[in-house]
Amino acid sequence: VKEQKYFDIAIIGAGVVGVNIAFWLSEVYGCSIVLVEQESGAAFHQSSRNTGGVHRPILLDSRTEVGRMQERSYHLWRTLAEEYNLPWKKIGRITLATEDEDAFLIERYYQWGLSNGVTEEELQLLDGKSITKIEPSVKCVVGLVSKNETITHYGELSQQLLELSLGNGVRFSRYEKVIGIRKREGKFEVELRNTASGDRSSLSCKVLVNAAGGAALRLARMLGLGRGYVDLHLRGAYWMVEGPLVEGIKRNIYPITRHGIEGIDLSYTGPHLITRYHGRGVWKKELGPTAAPVLGPFAYNGISGVTTEDLEKFILDPIGPRKLYLTRDFLSFAWNQWMMVNSRQSVVAYLQKCIPELNAGMISGHGITGVIVEVMNKKGFLSEPVVIDDHSFVSVLYVGGGATASPAFCAGLIANLRRKGLLDGLRERQTQPHQSLWNYAKVSEEF
Ligand SMILES: Cc1cc2nc3c(=O)[nH]c(=O)nc-3n(C[C@H](O)[C@H](O)[C@H](O)COP(=O)(O)OP(=O)(O)OC[C@H]3O[C@@H](n4cnc5c(N)ncnc54)[C@H](O)[C@@H]3O)c2cc1C
């Protein structure tokens with residue numbers, strides 16, 4: 001075991017959440033900050049394996065804050081992408097229902113969007129005929145057009161935030177996997193294993209922020225926290241699709257379907273027709289993501305990435321997914337999603353309800369797979385951010401508004417920690433280095 005290092009703040013996980021936290025903290029504080037990541041760089045997991053949608057806040061209940069966080073963050077991301085010439089394609093989106101009985105959801109999303117700050121000029125609620133006029137290959141009973149929906153690459157945005165944080169003095173400790181956390185004499189001791197060499201080391205810190213994405217709950221439990229929560233991992237597989245039909249559909253197409261599982265709103269899950277960034281200025285059409293239940297946050301293929309801890313959680317957890325997995329509706333949902341992971345015909349059949357001329361011959365291969373994380377408590381799935389803190393150990397279990405909402409969410413999180421006095425005594429900066437890019441005072445006062 002090598003010599004232990006001390007930092008004022010340590011952040012675990014360099015996904016979009018971890019780099020946002022590192023950026024904002026290093027803009028406000030001039031103290032020592034380390035960002036610890038098990039991979040070779042930022043955003044290796046969910047943050048680069050997602051659709052890349054910079055969503056407009058239509059699916060988020062306007063009685064909560066998360067819709068406004070998404071709205072605020074959309075503009076922050078746009079500013080960052082413009083400033084550093086990063087991928088940003090304003091493509092527009094149609095969220096639609098193909099069955100009369102689901103139409104009320106689309107109307108609800110329209111109202112939520114307006115209440116969350118989207119303008120009437122940007123959002124259009126249209127009947128099926130009007131949708132077919134603007135997208136001739138698309139059929140539905142009602143559709144909600146959000147003109148400013150955008151596609152980006154969160155990996156590149158995260159990398160840019162990491163670089164700005166490094167410029168602010170943040171230390172990036174990559175290839176270091178956190179394998180143990182202990183609290184001793186008012187400090188945290190974090191045990192690390194180097195994922196390249198296998199060497200063990202440790203660091204200690206005053207404040208510890210756990211932003212480990214799909215592994216965050218597992219890390220929180222190292223200190224006995226988060227017992228009331230359970231995470232559910234869903235494999236988000238994509239299929240690449242080509243040809244004049246899909247190229248002719250300009251906007252992203254998101255059919256919604258009530259999957260009929262009591263107490264759970266999974267209506268927006270299931271594959272969509274989307275445009276995805278493939279690097280070097282290339283954008284391609286894909287169908288996805290699926291939402292097929294898997295046992296762990298890194299289970300990209302087969303059951304690889306599933307640890308004995310995942311199996312234990314499945315078998316032993318009192319409110320765990322086992323109970324949910326064994327309900328008939330959920331089993332049928334899971335079965336359908338798995339069919340779409342494995343069969344082109346199944347995914348095409350699902351989307352033919354809104355794009356009737358789509359066929360399996362248009363699929364040219366697999367896209368990059370991700371693993372989505374949902375968090376639930378005894379009452380069911382949670383749609384708002386889930387943060388638990390025990391003194392100076394703060395765990396972000398769930399963001400709610402996805403990668404889109406993370407800049408405003410993280411600024412709000414830091415404001416909250418400051419209010420609670422958890423960051424007292426750390427050296428504050430006189431001025432914020434990148435105030436003209438993202439203004440901490442302005443964003444944080446809103447959340
Ligand atoms: C298929 C899919 C599609 C999605 N589509 C969208 C979309 O279109 N728009 C949108 O806004 N959101 C979307 N999301 C959600 C979005 O990607 C996530 O909300 C977001 O990326 C979560 O970021 P994170 O930083 O919490 O997690 P991650 O990106 O997973 O980052 C966590 C990091 O922690 C590291 N880590 C974990 N354990 C340890 C450890 N023990 N030691 C050290 N490091 C560790 C991991 O290596 C990882 O880098 C999608 C997600 C998926 C999977």
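**Ligand shell, salt bridges and backbone features**

Biologist: How many residues surround the ligand, and which are the closest?
Modeller: A residue counts as near the ligand if one of its heavy atoms lies within 4 Å of it. There are 34 such residues around the ligand, and the closest are E37, S47, N50, G53 and T404.

Biologist: On what kind of model do these values rest, and how are residues numbered?
Modeller: Residues are numbered from 1 along each chain as its sequence is written, and side-chain values use heavy atoms, with hydrogens and water left out. Local features need pLDDT of at least 70 and side-chain atom pairs count only at pLDDT 80 or more, while totals for chains, interfaces and linings use all residues, since the model is a predicted one.

Biologist: Which helices and strands each supply at least two residues of the shell around the ligand?
Modeller: Helices (H or I, at least four residues) and strands (E, at least two) are taken as DSSP runs and numbered from the N terminus. On that basis, the elements that each supply at least two shell residues are α1 (16-28), β10 (176-184), β20 (370-377) and α12 (402-419).

Biologist: How do the shell residues divide into nonpolar, polar and charged?
Modeller: Ala, Val, Leu, Ile, Met, Phe, Trp, Tyr, Cys and Pro count as nonpolar, Asp, Glu, Lys and Arg as charged, and the others, Gly among them, as polar. The shell around the ligand then divides into 15 nonpolar, 14 polar and five charged residues.

Biologist: How much of the ligand's accessible area does the protein cover?
Modeller: Polar contacts are pairs of N or O atoms within 3.5 Å; within protein, one atom must be able to donate a hydrogen and the other to accept it, and residues adjacent in sequence count only if both atoms are side-chain atoms. Polar side-chain atoms of Q38 and of N50 each lie 2.9 Å from an oxygen atom of the ligand, whereas a backbone N or O atom of G53 lies 2.8 Å from a nitrogen atom of the ligand. Of the 1,000 Å² of accessible area that the ligand has on its own, the protein covers 93%. Areas come from the Shrake-Rupley method with a 1.4 Å probe, and for residues only the protein chains shown count as cover; the covered share of the ligand is 93%.

Biologist: How many salt bridges does the structure hold, and which residues are linked in a network of them?
Modeller: Side chains of opposite charge can pair when their charged atoms come close. A salt bridge here is a side-chain nitrogen of Lys or Arg within 4 Å of a carboxyl oxygen of Asp or Glu. The structure holds 15, and the residues linked in a network are R56, E71 and E122.

Biologist: In the salt bridge between D61 and R63, which partner is exposed?
Modeller: The side chains of D61 and R63 meet at 2.6 Å, N to O. Buried means under 20% relative accessible area, exposed over 50%, and partly exposed in between (1.4 Å probe, protein chains only). D61 is buried at 18% relative accessibility, whereas at 73% the exposed partner is R63.

Biologist: Is E189, which meets R184 in a salt bridge, buried or exposed?
Modeller: The side chains of R184 and E189 meet at 3.8 Å, N to O. R184 is partly exposed, with 42% relative accessibility, while at 16% E189 counts as buried.

Biologist: What span does helix α2 reach from its first C-alpha to its last?
Modeller: The expected span of a helix is 1.5 Å times one less than its number of residues. Helix α2 (residues 66-84) has 19 residues, and its buried ones include M69, W77 and L80. Its reach is close to the 27 Å expected, namely 27 Å.

Biologist: Where is R280, a residue with a positive phi although it is not a glycine, found?
Modeller: Phi of R280 is about 45°, and R280 is exposed, with a relative accessible area of 84%. R280 lies in the loop between β16 (272-277) and β17.

Biologist: Which proline follows a cis peptide bond from G288?
Modeller: Omega of this bond is near -5°. The proline, found in the loop between β17 (283-288) and β18 (292-294), is P289.

Biologist: What distance separates the C-alpha atoms of G13 and G213?
Modeller: G13 lies in the loop between β1 (5-12) and α1 and is buried, at 8% relative accessible area. G13 and G213 are 200 residues apart along the chain, yet their C-alpha atoms are separated by 7.3 Å.
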